[in-house]
Amino acid sequence: MDITINKQMVQKNEKEKDFTPVFKINNLNLWYGQDHALKDIKFDIPEKQVTAIIGPSGCGKSTFIKTLNRMVEMVPIVRMSGEIVYREKNIFDPKYGVEELRTQVGMVFQKPNPFPKSIYENVAYGPRIHGIKNKKVLDEVVEKSLRGAAIWDEVKDRLHENAYGLSGGQQQRLCIARCLAIEPDVILMDEPTSALDPISTLKVEELVQELKKDYSIVIVTHNMQQAARISDRTAFFLNGEVVEYTDTSTLFSNPSDKRTEDYITGRFG
Amino acid sequence: MALINKESVKKRMGTRLAANGVAKFLFILATLFSLLVLGVLIYRILSEGLPYLSLDFITNFASRMPERAGIWAALLGTIWVMAVTAPVSFILGVGTAIYLEEYAKKNAFTKFVQINISNLAGVPSIVFGLLGLTIFVRLLGLGSSVLAGGLTMSLLILPVIVVASQEAIRTVPREIREASFGMGATKWQTIRRIVFPAALPGILTGTILALSRAVGETAPLLVLGALAYVAFVPENIFSQFTVLPIQLYNWTSRPQEEFHMIAASGIIILLIILLIMNSIAVLIRNKFHKRF
């Protein structure tokens with residue numbers, strides 16, 4: 001009974017959509033060994049919007065976001081089926097290299113992870129690995145990226161100091177700047193504020209609002225208020241399935257699934 | 001009601017505190033014992049060797065007469081052998097470590113290789129000498145040359161360098177590798193620009209400590225046929241040679257008392273070399289210490 005209602009809702013949502021998809025996920029299944037972590041995931045991620053992935057711990061939301069740039073394959077026992085289409089290209093196509101994909105789809109991780117290098121070298125790393133050697137171009141990219149991540153004013157006088165001297169919140173914004181420096185199309189954020197204090201969190205959230213003008217953003221968060229504040233669309237994951245995926249305002253004000261309602265009202269998770 | 005009897009707790013308090021004190025005393029004793037032995041050793045060597053130590057001692061060749069004997073040939077021999085050993089063992093050792101840590105699939109075969117490398121580190125050095133004699137001296141026809149000696153020493157310290165480098169590479173956090181891969185870097189770019197620089201201090205420390213072990217080794221070179229009496233310095237890597245420990249061994253096995261004294265002087269020189277090498281290792285470790 002429940003299931004039929006769900007299907008109707010999903011179809012209704014499909015009709016509602018009026019966006020250009022940047023990712024189309026089709027029947028994605030993923031296993032860690034015997035553990036079926038993602039089950040028949042099927043939805044589209046819009047261009048130049050913020051898509052939030054919410055759900056309780058262990059529901060597969062981090063696993064899901066890591067499949068979008070194939071980082072999940074760093075786990076040796078992973079198996080996948082189905083397809084993810086990024087801008088008309090299947091990312092699992094052997095002809096489409098992971099390096100090429102990750103140049104388009106950047107990632108910001110849960111824990112700030114700057115390189116043990118200077119602030120400048122952290123941001124210049126991306127352009128350098130893609131073959132840019134010209135000092136002037138690098139300087140410009142570094143400044144533009146640091147400005148883009150709203151951290152330029154704080155670090156402009158100490159670009160050549162080690163990045164580990166920055167605070168946690170600054171390190172995370174540096175990591176966002178580092179990600180911007182490869183001029184990606186999509187930015188994946190895996191719980192980017194979970195290791196940060198409230199003020200740094202606020203800064204990152206404001207930054208996400210700025211960034212969505214130019215980038216498509218997918219953000220995993222365990223913080224429902226955060227999802228409600230910053231995202232345009234929200235997907236609710238539970239036990240490896242997408243329970244509900246719709247406009248953020250609809251999902252939080254008028255959830256169509258009982259489980260979504262239970263979760264957002266804090267009855268579990 | 002009370003599960004814990006306060007009276008018996010109070011009674012046992014004295015015994016517990018006493019045991020605490022005894023434990024501390026025993027550990028101090030253990031440390032003091034090794035310090036004492038080291039102190040005696042250094043005192044003996046300094047008191048015997050210092051009077052004979054002079055610039056002439058360093059720049060003279062070996063001689064039948066103790067007052068004219070010096071360690072020039074042995075000192076340069078050691079430097080020549082190290083000049084072969086250092087690059088060979090560094091390149092092969094670090095290369096192996098990078099392969100095992102970054103590229104090799106974790107399967108039964110790599111596990112087997114790993115166990116054997118650890119075992120090789122414990123093989124007596126004379127066995128490596130026999131291996132060197134068979135392969136480098138005889139099979140490849142290098143003779144008792146600096147090259148054969150240096151390559152044999154490389155084999156001897158390779159396992160130590162491989163294990164130390166692997167450990168250094170393993171301390172590079174997964175997060176910063178992921179950051180690099182996440183930006184579209186290839187595996188080689190990640191290794192070259194992120195993993196290797198971050199692991200380098202640890203690798204260098206391990207390499208220098210391994211080299212200082214090689215500086216003190218005698219057995220493998222004796223088996224190779226390194227000479228005990230050499231009145232010339234090596235001219236190239238195919239020259240015959242001697243090294244400091246062999247020269248010292250030769251002097252201490254002579255009956256004349258004076259030779260024992262100049263052996264002590266030689267030991268001082270050897271100790272200074274080892275101290276310098278170890279200090280460089282400590283310096284590198286402190287200077288480039290990274291916190292992740």
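A:Leu202 is partly exposed, because 14 other C-beta atoms lie within 10 Å of its own, a count that falls between the 12 or fewer of an exposed residue and the 20 or more of a buried one. In this predicted model, A:Leu202 belongs to helix 8 of chain A, which runs over residues 198-211. Measuring from C-alpha to C-alpha, one finds A:Pro114 at 20 Å from A:Leu202, although 88 residues of sequence separate the two.

Two other residues of chain A deserve attention for their backbone. A:Lys48 is not a glycine, and yet its phi is positive, at about 50 degrees; the residue sits in the loop that joins strand 2 (35-46) to strand 3 (50-54) of chain A. A:Lys48 is partly exposed, because its C-beta neighbours within 10 Å number 17. A:Arg70, which is likewise not a glycine, has a positive phi of about 60 degrees, and its place is the loop between helix 2 (61-68) and strand 4 (78-86) of chain A. A:Arg70 counts as buried, because 20 C-beta neighbours are found inside 10 Å, and 20 is the number at which a residue is called buried.

Turning to chain A as a whole, its secondary structure consists of eleven helices and ten strands. Four of the strands make an open sheet in the order 2-1-4-5, with antiparallel pairing. Strand 2 and strand 5 (89-90) of chain A stand at the edges of this sheet and have a single partner strand each, so one side of each is left without a neighbour in the sheet. For strand 5 of chain A, the pairing with strand 4 of chain A is antiparallel and extends over two bridges, and within strand 5 it is A:Asn90 that stands opposite A:Val85.

The UniProt record, an unreviewed entry, places the annotation "domain: ABC transporter" on residues 23-264 of chain A. That span is 38% helix and 27% strand, and the C-alpha atoms at its two ends lie 26 Å apart. The overall dimensions of chain A can be set beside this: its C-alpha trace spans about 65 × 45 × 35 Å along the principal axes. Its radius of gyration is 19 Å, which agrees with a compact globule, because a globule of 269 residues would have a value near 18 Å. Of those 269 residues, 46% are buried, and among the contacts in chain A with a separation of 6 or more, 69% are between residues 24 or more positions apart.

Chain B is built from eleven helices and zero strands. Its C-alpha atoms fill a box of roughly 90 × 60 × 35 Å along the principal axes, and its radius of gyration is 25 Å, whereas a compact globule of 292 residues would have one near 19 Å. Buried residues amount to 37% of the 292 residues in chain B. Where contacts in chain B join residues at least 6 apart in sequence, 77% of them join residues at least 24 apart.

Where the two chains meet, 17 residues of chain A and 16 residues of chain B take part in the contact. On the side of chain B that touches chain A, the elements giving two or more residues are helix 7 (174-181) and helix 8 (187-215) of chain B, and helix 7 of chain B gives the most, with five residues. By class, this side of chain B has eight nonpolar, four polar and four charged residues. Helix 7 of chain B also holds buried positions, namely B:Ile176, B:Arg177, B:Ala179, B:Ser180 and B:Phe181, and the buried residues of this helix pack against helix 3 (98-104) of chain A together with helix 8 of chain B.

The largest nonpolar core has 148 residues, and those that touch the most other members are A:Ile53, A:Ala177, A:Ile187, A:Leu188, A:Ile217, A:Val218 and B:Ile157. Helix 6 (residues 146-170) of chain B supplies the largest share of this core, 16 residues. To see the surroundings of one such core member, consider A:Ile217, which, apart from its neighbours within four places in sequence, is in contact with A:Val50, A:Ile187, A:Met189, A:Val208, A:Leu211 and A:Lys212.

Notes. Residues numbered from 1 in each chain as written. Chains lettered and ligands numbered in written order. Predicted model: local features only at pLDDT ≥ 70, side-chain atom pairs only at ≥ 80, totals over all residues. Contact = placed C-beta atoms within 7 Å. Nonpolar A, V, L, I, M, F, W, Y, C, P; charged D, E, K, R; others polar. UniProt positions renumbered as here; feature names shortened; annotations may be inferred. Pairing = 2+ DSSP bridges. Rg over C-alpha atoms; globule rule 2.2 N^0.38 Å. Core = buried A, V, L, I, M, F, W, Y, C linked by C-beta atoms within 7 Å.
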